[in-house]
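Okay, everyone, thanks for making time. Let me put the structure up on the screen, and then I'll walk you through the bits I picked out.

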Amino acid sequence: MNPSIQELIRVFGRIGLLSFGGPAAQIALMHQELVERRPWLDEQTYLRALSLCMLLPGPEAMQLATYAGWRLRGVLGGLIAGGLFVLPGALIIAVLVALYAAYGNLPLVQAAFLGVKATVIAIVVQAVRNLSCKALVGAEPRVIAGLAFLAIFALNLPFPLIIATAALWGFATSKEQAAPATPTPISARPIRTAVLWLSLWLTPLITLSLTGQELLADLGWFFAKLAVVTFGGAYAVLAYMTQTVVETYQWVSTDQMIDALGLAETTPGPLILVTQFVAMLSGQIAGGASLALAAGLVALWATFVPCFLWIFLAAPYLDRISTRPRLTAALRGITAAVVGVILNLSVWFGLNVLFDQVPGWSWGPIILPLPDLATLDIHALFLTLAAGLLIFRLKSGLATTLIAMVLAGMLLQVL
């Protein structure tokens, strides 16, 4: 029996408010709410839906919520479930940007942020470890991960190119046989769905470009492009995103980008909400609170509307997609490459938190970030080691570690 709209709002509102801790914790929370506590989805449907969402670009947990809502109450259910998964975190991010713009330069606040940054280093390293244990089984995935790391760390190749190459390799080298295909659902209207959601997604961005809203248009088109290549979660594209928003567009500084990631880690919802933080901060710097609000809305629209497009387009074909081993092999190639990309992020993040100066060394096409050892921040090193101890040895949760590191950073500043 399908739930009522009121039940759907209540349950997915609860999921949205409690979805801390990244995609693994969010997926586990949804399993508990939708499979264990309520007979809304069976185990096999849930797992097939999760596999589909991992094949698609975008935050898999948010798309899984959207699929569950669609499965239970159609398109309206999908909009409710996906929207409620994002809304609480988006509101918190908006408040955090206002506070950050007002108080972020105070020494005590900067010391608190240093504790957050130290925690994020440990969290990203933990993500690399957990993902590598699952994804790097056998020699081939390890080679792909290593090549992906070198491609982005030493050669500075674009993230979309790395992901596309890994996917093509997995697709082309798959030797598995396809299972018998299930019939195409009669109710599926792929062309109508694609036209409708592509129009909804891109029309506002085109309008911004035509009306001369340069900053908002640039933000919208960049985050729209990011939404198409966000395979493997937000960690995978953060280095690419940082390079673009810091070096190419110069919307924010490296330190502000690191602060944005740290604050996004503390909120419920998908980590890719960091795009909203960056957009709002860019708008605040360029034109004050009103432009910040507009920029945040543009970033949310460009980032999350395509998630509904992918799900509403692919969901009716879930059973058929699950019989395509070449797609699964492509996903395995992407996942292996993502491990190398996230490893690059952890190295970049660690270097920029621990050292005040990280000049580059280049030789031909090779560009390596080499820190100035004399600029090592002893406070940052201490806090990072303490965060690693709490997470890896004492098995502390994210909230506990963040609070402890914020207090420790402030204490060091006072002392």
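I'll go through a long helix, the cavities, a hairpin, some buried side chains and a couple of loop residues.

Ground rules before that. What you see is a predicted model, so local features need a pLDDT of at least 70 and side-chain atom pairs count only at pLDDT 80 or more, while totals for chains, interfaces and linings use all residues. Numbering starts from 1 along each chain as its sequence is written, and side-chain values use heavy atoms, with hydrogens and water left out.

On naming, helices (H or I, at least four residues) and strands (E, at least two) are DSSP runs, numbered from the N terminus.

Right, helix α15. It covers residues 325–354, 30 residues. How far apart should its ends be? The expected span is 1.5 Å times one less than the number of residues, so α15 should span 44 Å, and its end C-alpha atoms are 43 Å apart, which agrees. Now, is α15 enclosed or not? I call a residue buried under 20% relative accessible area, exposed over 50%, and partly exposed in between, with a 1.4 Å probe and protein chains only. On that scale 22 of the 30 residues of α15 are buried, so the helix is largely enclosed by the rest of the structure.

Next, empty space. Rolling a probe the size of a water molecule over the atoms shows where empty space is left. Here a cavity is a set of points, on a 1 Å grid over the protein atoms alone, where a 1.4 Å probe fits but cannot get out, and lining residues have an atom within 4 Å of a point. Grid points are joined across faces, edges and corners, and a volume is the space filled by probe spheres set on the points.

How many cavities of 30 Å³ or more does that give? The count comes to 2. The largest cavity holds about 50 Å³ of space. Its lining is G58, P59, F223, L226, A227, T230, I272, T275, T303 and C307. Helices α9 (214–229) and α13 (289–314) each supply at least two of those residues, and α9 gives the largest share, 3 residues.

For the chemistry, I count Ala, Val, Leu, Ile, Met, Phe, Trp, Tyr, Cys and Pro as nonpolar, Asp, Glu, Lys and Arg as charged, and the others, Gly among them, as polar. That makes the lining of the largest cavity 6 nonpolar, 4 polar and no charged.

The second largest cavity has a volume of about 30 Å³. Lining this one are L238, T242, M257, I258, L261, L345, W348 and F349. And here α15 comes back: together with α10 (234–248) and α11 (254–265), it is one of the helices that each supply at least two lining residues. The class split for this lining is 7 nonpolar, 1 polar and no charged.

On to the strands. Two strands pair if DSSP finds at least two bridges between them. Strand β1 (residues 360–363) and strand β2 (residues 366–369) run antiparallel, with 4 bridges joining them. W361 stands opposite L368, and S362 has I367 as its bridge partner. The two strands form a hairpin with 2 residues between them, and G364 in the turn has a positive phi of about 65°.

Now helix α2, residues 22–36, where E33 sits. At 0% relative accessibility, E33 counts as buried. What does its side chain contact? A polar contact is a pair of N or O atoms within 3.5 Å; within protein, one must be able to donate a hydrogen and the other to accept it, and residues adjacent in sequence count only if both atoms are side-chain atoms. The E33 side chain makes one with the side chain of R14, at 2.7 Å.

Q26 is in α2 as well, and it is buried at 2%. A polar atom of the Q26 side chain lies 3.0 Å from the backbone oxygen of S19, and the backbone oxygen of G269 lies 2.9 Å from a polar atom of that side chain.

Last stop, backbone angles. Most residues other than glycine have a negative phi. Q250, in the loop between α10 and α11, has a positive phi near 55° and is exposed at 62%. K395 also has a positive phi, about 55°; this residue sits in the loop between α16 (378–393) and α17 (398–414) and is exposed at 58%.

That's my tour, so over to you.

Technical notes
On a 1 Å grid over the protein atoms alone, a cavity is a set of points where a 1.4 Å probe fits but cannot get out, and a pocket is an open set with protein on both sides within 12 Å along at least five of seven lines; lining residues have an atom within 4 Å of a point.
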